[in-house]
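Student: Could you take me on a close look at the ligand site in this model, and then at the open and enclosed spaces in the protein?

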Amino acid sequence: MFTVSVTVPFVDFEPMHRPIQGEIETAIQSVVQRGDFVLGRTLAEFETAFAAACGVEYGVGVACGTDAIGLGLQACGIGPGDEVLLPANTFIATLIGVIHAGATPILVDCDPETALIDLEAAAIAITPKTRAIVPVHLYGQMVSPRQLLDLAGRHNLIILEDAAQAHLAEREGYRAGSIGTAAAFSFYPSKNLGAFGDGGMLVTKDPNIATKMRTLRNYGAPQKYLHTEKGTNSRLDSIQAGILHAKLPHLAQWNQQRYRAATQYDRALGPLNSKGIFPIQNHSGPGHVYHLYVIRITPAAPINRQTLQEELAKQGIQTGIHYPIPCHLQPGYQSLGYHNGDFPNSEALAQQILSLPMYPGLSENQIHQVVTAIKQILN
Ligand SMILES: *Cc1c(COP(=O)(O)O)cnc(C)c1O
């Protein structure tokens, strides 16, 4: 078997980590010296710093983004009997979080141009049992805060943002994590702010929700051996918190590099619009933090998505699909009762989307290589 060497990787951590290797090593050493491996000063300091970066007061570190959603909803008082709105085209963790909270997930279709939850469709799905909405700031672009607040205000809904792909994103004067009651972040390694392992955080303006979240993540115990809630063990390790805190001051600059790369892609791919290939639309200007750069290969294009992906792979250009199967069609979730055809925009996107290489440090030359390869494959 012969293997193609990678010319443009999908993600490369080296350009981010190499220049700050000393800062990261110092952070790790300081945790080892203090010995506060779980729930100590290192975590508390990062929680305060990250919440402040989101424009809110409280942060509660947990084991992963999935738990930030699931425990976060519980901390907001959501549970069995409550309906929670969420998009059908998101990473499965959004759905898992809602189910873990014990609530009933109500899936909603997306806007075909932005891939974000369609808030008009969400309004139609509201029933007397609907208590919350989990908007997903997909690919690094926020769902419109003004429209979200308007919808939530009219129907008295709790907003828990899934901001796992949108660290420091902005739109309409709001920062991701500051729109609603609370917001969930993931620090999975490939996220815009990534740990050297798993991690997550709930951020909130509400001190009572923060307190309840601290209890839930720590065996339901507000103090040692007193269990006032049916909690769990889900904490952000001090070593991960230390690494994330060392990386945090660089995040804005890394996001800018992502935005610049996206602008280059947009410009270079512009001529392909006439061939039925379009980028997912950005309605938030430089507030988009481009966790992913996603294009749509529509049926009008001369080749399909699979062929394009395979031909790029032959040239060593790695791409991804986020996500190939919408939540409602996943085999493990058929008991929710959804069917093919329920969310046509999400289903069409799943067939058409392709994520191109995107990371801080992706060079102009590499972008040129990717776009040149696409143009040559189309001809
Ligand atoms: C990554 C991600 C999550 C879950 O985060 P984990 O830390 O992997 O549990 C949730 N929602 C979205 C949209 C994500 O991209």
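Tutor: Happy to! Let's begin with the ligand: of the 16 residues around it, Gly65, Thr66, Asp162, Ser186 and Lys191 come nearest. Please keep in mind that this is a predicted model. Three side chains place an N or O atom beside an oxygen atom of the ligand: Thr66 at 2.5 Å, Ser186 at 2.7 Å and Gln165 at 2.8 Å. On its own the ligand has 380 Å² of accessible area, and the protein covers 93% of that.

Now for the pockets, which are found on the protein atoms alone. The largest one has a volume of about 460 Å³, and 29 residues line it, with Phe91, Tyr188, Ser190, Lys191 and Tyr323 nearest its centre. Two or more lining residues come from each of helix H4 (65–75), helix H5 (92–100) and strand S8 (182–186). You can tie this back to the ligand through Lys191, which is among the residues that come nearest the ligand and also among those nearest the centre of the largest pocket. By class, this lining holds 15 nonpolar, 10 polar and four charged residues. Because domain 1 (14–250) and domain 2 (251–378) both contribute to the lining, the largest pocket lies between them.

The second largest pocket offers about 310 Å³ of space. Its lining consists of 15 residues, and Ile117, Asp118, Leu119, Ser144 and Gln147 sit nearest the centre. Helix H6 (119–124) and helix H7 (145–155) are the elements that each supply two or more of the lining residues; H7 gives the most, with four. Here the classes are five nonpolar, four polar and six charged.

Finally, the enclosed spaces: there are two cavities of 30 Å³ or more. The largest cavity, with a volume of about 50 Å³, has a lining made up of Asn89, Leu138, Tyr139, His322, Tyr323, Ser346, Leu349, Ala350 and Ile353. Helix H12 (residues 344–352) gives the most to this lining, with three residues. Both domain 1 (14–250) and domain 2 (251–378) supply at least three residues each, and the classes are six nonpolar, three polar and no charged. Tyr323 is worth a second glance, since this residue lines the largest cavity and is also among those nearest the centre of the largest pocket.

The second largest cavity also has a volume of about 50 Å³. Around it are Tyr139, Pro279, Ile280, His288, Tyr290, Leu292, Tyr293 and Val294, which divide into seven nonpolar, one polar and no charged. Tyr139 appears in this lining and in that of the largest cavity.

Conventions:
Residues are numbered from 1 along each chain as its sequence is written. This is a predicted model: local features need pLDDT of at least 70, side-chain atom pairs count only at pLDDT 80 or more; totals for chains, interfaces and linings use all residues. Side-chain values use heavy atoms; hydrogens and water are left out. On a 1 Å grid over the protein atoms alone, a cavity is a set of points where a 1.4 Å probe fits but cannot get out, and a pocket is an open set with protein on both sides within 12 Å along at least five of seven lines; lining residues have an atom within 4 Å of a point. Grid points are joined across faces, edges and corners, and a volume is the space filled by probe spheres set on the points. Ala, Val, Leu, Ile, Met, Phe, Trp, Tyr, Cys and Pro count as nonpolar, Asp, Glu, Lys and Arg as charged, and the others, Gly among them, as polar. Domain bounds come from an automatic or database domain assignment. A residue is near a molecule or strand if one of its heavy atoms lies within 4 Å of it. A polar contact is a pair of N or O atoms within 3.5 Å; within protein, one must be able to donate a hydrogen and the other to accept it, and residues adjacent in sequence count only if both atoms are side-chain atoms. Accessible areas come from the Shrake-Rupley method with a 1.4 Å probe; for residues, only the protein chains shown count as cover.
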